Amino acid sequence: MKLMEGFGKYFLMLTIVFRAPEKMSVFRRRLFEELEHIGINSIPLVALMSSFIGGVIALQTASNMSNPLLPTYTVGYITQSSTILEFSPTIISLILAGKVGSNIASEIGTMRVTEQIDALEIMGVNSLSFLVLPKVTAAVLFFPILVIFSMGLSLVGGWIALVLSDLSSTETYVYGIRYYFEMSNVWYALTKCVVFGFIIVTISSFYGYYVKGGSLEVGRSSTQAVVSSSVAILVANFLLTQMILLS
Amino acid sequence: MIEVKHVNKSFGKTQILKDISATFEKGKVNLIIGQSGHGKTVLAKCIVGLHEVDSGEILFNGRNFCKMNRVERTSIRQEIGMLFQGSALFDSMTVEENVMFPLLMFKKMTKKEMLTRVNFCLERVNLTGRNSLFPSECSGGMQKRIGIARAIAMNPKYLFCDEPNSGLDPKTAILIDTLIREITYEYQITTVAITHDMNSVMEIGDNILFIHNGNNWWTGNKNNIISTENPEVTSFVYASEFMKEIKDSIIEKNKNK
C-alpha cells in the first residue's frame, strides 16, 4: 500500500517538475551549473572506472581463451560487445547512481530541512521545477556523453592491458573491436543511459524533496535514493533489453 | 490586513488548530505567542499556504487565499516576505545573490537596477558592503538581517517572521525587533511574527494573539498583557520568578499612581 502511495506521489511530483520554468534565463543558468555538477564533475570517476574495468574485461577474456579453435581477435570482439552493451551504459549508471544520486538527495534534503524549499515556495517559485528540472535536463543531455566517453576509455583500457601483458597485438585487438561492430548497439546503449539518467535524478530528487526530520533523515533518504535508483535501473535495463534488442 | 476566519487544521487524527479567527492589521506588528506545540507555526504556515487548511478562510485584503489556484497564489506570494527561524538563506549563493533572488525571478529589472535595490535593502539592515559573503561566513544575527533584507526586497505588503530572535543574544535580539518594527511602520506592512521572547512581546507587540491548545485563547496588546487575569496567559508570560517580580513591581507602581 505504502509502495503504491509512493509511486503515486512520485508521478505527481513529475507532473509538477515538468511545468514551464518561471524564467528561462534563470533555468539556463541553473542548467549550466548542473551540467557541471552532474556531468563534468563525474568525468574523473567515469574515466578511472572505465579504463580499469575495460582492462579487466580484456584480461579475463584473454585468460579464458585457451581453445585454439577460437580466433585471437575474439578478445577484442567480446571486450567491445560487453562494454557497449552492458558495462558502459548500465554499470557506469549504477556507479553514477551512487555518486550523483546521493549528492542530489542530500542537497535537496538539506534544503528541505533547513526550510530553503519553504522559502522558495513562499516567494511563489515552483520549487520542484526550479530544483529538479535543470538536473533532469542536465543528466539526460550529459549521460550519453559520459557513456560514449566510457566506451572509448574501456576499449583503450583493454588495449593497454592486453598489449602490456603481451596477450594480444594491437592489430588483432583492433580487428576484434571492428569485427561485427553494430552501430545499433551504440544507439541501444545511449537510449538506456538517457532512461537511467532520468531515473537517477528523479528518484533521488523525490527522496530528497519529501524528507521529513533532520540531518539523520537526510542521510537515510540519501541511502534510500541510491538503493531505489539502482533497483529501478536494473528493472529498466531488463525491460529495455526486452523491448529494444529482442523485439 | 490579513483576516483568518474559523480556520481548522488537523494532521491525521490530531487537530492542531481549532476554529481560529484573528485579524492582523496593516502597519502594526502582530505577534502570535503561545507554548511550543500549541499551533503557532502551523497557523503561520496555513496563512502563507505552506499547509492547506481543512476548513475556514484566509483573506489577504479581502482576497480569499484558500480558494485560489497555484497561479493566483503566486501573485499573493509575491506580496509576502518571510523571515524563517533558521533564516533559510540559500547556502550556495552569496548575500547579494540571496537578496537579489526574488527580483531575478519575478521582476523585469536590469542588473544595475537590481543591484541598486539589493544595496538599498542591505543598507536598511546595516549590512552595507557585505554583498560577497556567503551565509556560512555570517553570524546568526547577520543571517537574520540578510533574511530580512531578502524578505523586503520585493516591497512586500505582508511580512512573516518565525521566531525572529531565537538563538540570538539579547542585544542582537533587540536589534532585530527594532528593525522589524521600523520596517513595519516605515513601509506600512502587515507584519505577523511568531515569538516566545517576552522582550519582543513587551517591546513590539502592537497586537498579540495567544494560542493555547490550538485555540485563539486571548487577544490584546503589549499594554494589556501585563494586567490580564487570564490564567493561561499569565502562567506563560510570567513563567519565571524574575518575570513574576517584574509583574508585582508594575502592579505596585500602578497602585501608587
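What follows is a walk through chain B of a predicted model, from its sheet and helices to the side that touches chain A.

The sheet is a good place to start. Chain B has an open sheet of six strands, and reading across it gives the order β6-β7-β8-β3-β9-β10, with mixed pairing. At the edges sit β6 and β10 (215–220) of chain B; each has a single partner strand, so one side of each is left without a neighbour in the sheet. Going from one strand to the next, the twist averages 20°. As a general point, strands of a sheet pair through backbone hydrogen bonds, either parallel or antiparallel.

Both kinds of pairing turn up around β9(B). On one side, strand β3 (residues 29–33) of chain B runs parallel to strand β9 (residues 207–212) of chain B, and four bridges join the two. Within this pair, B:N30 is set opposite B:N207 of β9(B), while B:I32 faces B:L209 of β9(B). The pairing of β9(B) with β10(B) is antiparallel instead, and here five bridges do the joining. B:L209 shows up again in this pairing, with B:T219 of β10(B) as its bridge partner. So much for the strands themselves; the turn between them deserves a word too. β9(B) and β10(B) make a hairpin with two residues between the strands, and in that hairpin B:N213 has a positive phi near 50°.

Now for the helices. Helix α5 (residues 140–152) of chain B lies across β6 and β7 (158–162) of chain B, and its direction is at about 175° to that of β6(B). Helix α1 (residues 40–48) of chain B has a set of buried residues: B:K40, B:V42, B:L43, B:C46, B:I47 and B:V48. Right after α1(B) comes B:G49, and its phi is positive, near 90°.

That leaves the contact with the other chain. Here 15 residues of chain B are in contact with 13 residues of chain A. On the side of chain B that touches chain A, three elements each supply at least two residues, namely α2 (70–77), β6 (80–83) and α3 (95–106) of chain B. The largest share comes from α3(B), with four residues. Sorted by class, this side of chain B has eleven nonpolar residues, three polar ones and one charged. β6(B) thus appears in several parts of the picture: it is an edge strand of the sheet, α5(B) lies across it, and it supplies residues to the side that touches chain A.

Terms used. Residues are numbered from 1 along each chain as its sequence is written. Chains are lettered from A and ligands numbered from 1 in the order in which they are written. This is a predicted model: local features need pLDDT of at least 70, side-chain atom pairs count only at pLDDT 80 or more; totals for chains, interfaces and linings use all residues. Two residues are in contact if their C-beta atoms, placed from the backbone, lie within 7 Å. Ala, Val, Leu, Ile, Met, Phe, Trp, Tyr, Cys and Pro count as nonpolar, Asp, Glu, Lys and Arg as charged, and the others, Gly among them, as polar. Two strands pair if DSSP finds at least two bridges between them. Axes are lines fitted to C-alpha atoms, for helices over the stretch in contact, and angles run from 0 to 180 degrees between N-to-C directions. A residue is buried if 20 or more other C-beta atoms lie within 10 Å of its own, exposed if 12 or fewer, and partly exposed in between; C-beta atoms are placed from the backbone.
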